[in-house]
Structure formats: structure tokens, C-alpha cells
Amino acid sequence: MSQKNYLGKLIAIDMYNCNIEDIKDPKVAEDILAKGCQETGMECRRIECLTEEGKEEYSLFALCKQGHVTLHIYPEMGFMVADMFSCCEGSQPAELCRYLRQAYDADKSKITLLDRGDFGSKNDMKPTHRSKTKLIRHTKNVTQNVGDKLKQVMLKPRSI
């Protein structure tokens with residue numbers, strides 16, 4: 001295994017079309033986050049939930065050993081944003097990212113990874129970006145595009 005030249009890993013993820021029932025209730029979301037932290041070695045010490053009066057959106061903050069996880073949840077849009085950072089040996093923030101995507105049943109996600117505390121191995125902080133889309137969503141988009149193209153060809157006026 002190669003030696004890492006950074007202190008910790010920061011992962012930011014936007015999740016779209018999440019399961020509304022799982023994110024509507026802050027207590028359910030808190031339980032999912034606690035379980036995910038436990039399964040991925042994040043060693044969660046405490047979770048705080050902050051809500052704004054008169055709004056459905058809320059935020060969860062998990063204070064972990066040498067790191068943190070924050071979730072900003074917008075149930076009316078089925079959208080949530082997660083940021084996780086850990087410099088704790090043995091923690092797996094990337095696995096927590098996968099766990100949250102599956103637990104909240106997100107159709108699409110955009111992920112940015114960033115090594116923090118670079119000690120001279122890189123010239124600049126350059127994040128890595130990834131996107132994930134469920135297979136069913138890919139299939140739906142492909143069939144719709146094929147159908148639209150077929151309509152264009154079939155409805156095209158014939159020249160005389």
C-alpha cells in the first residue's frame with residue numbers, strides 16, 4: 001500500500017430524487033446517518049438536528065472522531081447535500097457516501113472528492129468529480145431520446 005501524502009479526505013455529494021419518505025422525517029434520517037457512520041468506521045460521537053420554523057428543510061451534523069458529516073435535506077424537492085471529512089485512520093468516507101446513496105435511494109448523484117492537508121505532493125488542490133445515475137434512469141432517457149428521434153424521422157415532410 002502506498003503512503004498517503006495528505007491528511008484526510010473530503011467528499012461532497014449532491015443526491016437527487018431521494019426517497020421522500022426516508023428524508024421527510026428527521027428522526028429516520030438521523031437513524032440512517034448513525035447506522036452509516038457506525039458501519040463505515042466514522043466513529044460518530046453525537047448527531048445534532050437543526051430545523052427552521054415553518055420550513056420542511058433541516059440539517060444533520062454528525063460529530064465524528066477526527067472528522068464530521070453534514071447533511072442538508074430538502075424533502076419537498078427530494079434533494080439532499082452531504083459533506084463528509086475524516087482524517088481518522090480506518091474510517092471510510094467513500095463507503096459512507098455509497099451507503100447514503102443507497103439508503104436514501106437517490107436516482108442521481110454528483111460527487112466531488114478532495115484530498116485535504118496536502119504536504120507537497122501536488123501543485124494545487126484539484127478535486128475529482130464523479131456522477132452516478134441509476135440504470136433505470138439511463139434506460140428511460142435512452143428510450144425517450146430514441147423515440148424523439150424516430151418521431152422526427154417519421155414526421156419529416158417528404159420532398160416531391
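These are my notes on helix α2, the residues around it and the hairpin of β2 and β3, taken from a predicted model.

**Helix α2**

I began with the extent of α2, which runs over residues 26-39 and has 14 residues. From its first C-alpha to its last I get 20 Å, close to the 20 Å expected at 1.5 Å a residue.

I then looked up which residues of α2 are buried, and found A29, I32, L33, G36 and C37. Seen down the helix axis, these buried residues fall within an arc of 130 degrees, so they line one face of α2. As a reminder to myself, an α-helix has 3.6 residues a turn, so residues three or four places apart point the same way.

Next I asked what covers the buried residues of α2. The cover includes two helices, α1 (20-24) and α3 (93-103), and the strands β2 (44-51), β3 (58-64) and β4 (67-74).

**The two ends of α2**

At the start of the helix I checked D25: one of its side-chain oxygens comes to within 3.1 Å of the backbone nitrogen of K27. Just after the helix, I noted that G41 has a positive phi of about 75 degrees.

**Positive phi outside glycine**

Most residues other than glycine have a negative phi. I therefore wrote down the exceptions I came across.

E43 is one of them, with a positive phi of about 50 degrees. I place E43 in the loop between α2 and β2. Its relative accessible area is 35%, and with buried set at under 20% and exposed at over 50%, E43 is partly exposed.

N17 also has a positive phi, near 55 degrees, and is not a glycine. This residue sits in the loop between β1 (8-16) and α1. At 37% relative accessibility, N17 counts as partly exposed.

**Strands β2 and β3**

I looked up how β2 and β3 pair: the sense is antiparallel, over 7 bridges. T51 stands opposite Y58 of β3. The hairpin has 6 residues between the strands, and there G54 takes a positive phi near 85 degrees.

**C64**

Last, I followed C64, which belongs to strand β3. Is C64 buried or exposed? C64 has a relative accessible area of 9%, so I enter it as buried.

Leaving out residues up to four places away in sequence, I list its contacts as C37, M42, E43, C44, R45 and V69. Among these, C37 is also on my list of buried residues of α2, and E43 is the loop residue with positive phi noted above.

I also checked C64 against S91: they are 27 residues apart in sequence, and their C-alpha atoms lie 10.0 Å apart.

Methods: Residues are numbered from 1 along each chain as its sequence is written. This is a predicted model: local features need pLDDT of at least 70, side-chain atom pairs count only at pLDDT 80 or more; totals for chains, interfaces and linings use all residues. Side-chain values use heavy atoms; hydrogens and water are left out. Helices (H or I, at least four residues) and strands (E, at least two) are DSSP runs, numbered from the N terminus. The expected span of a helix is 1.5 Å times one less than its number of residues. Buried means under 20% relative accessible area, exposed over 50%, partly exposed in between (1.4 Å probe, protein chains only). The arc is that of the directions from the helix axis to the C-beta atoms. Contact means heavy atoms within 4.5 Å. A polar contact is a pair of N or O atoms within 3.5 Å; within protein, one must be able to donate a hydrogen and the other to accept it, and residues adjacent in sequence count only if both atoms are side-chain atoms. Two strands pair if DSSP finds at least two bridges between them.
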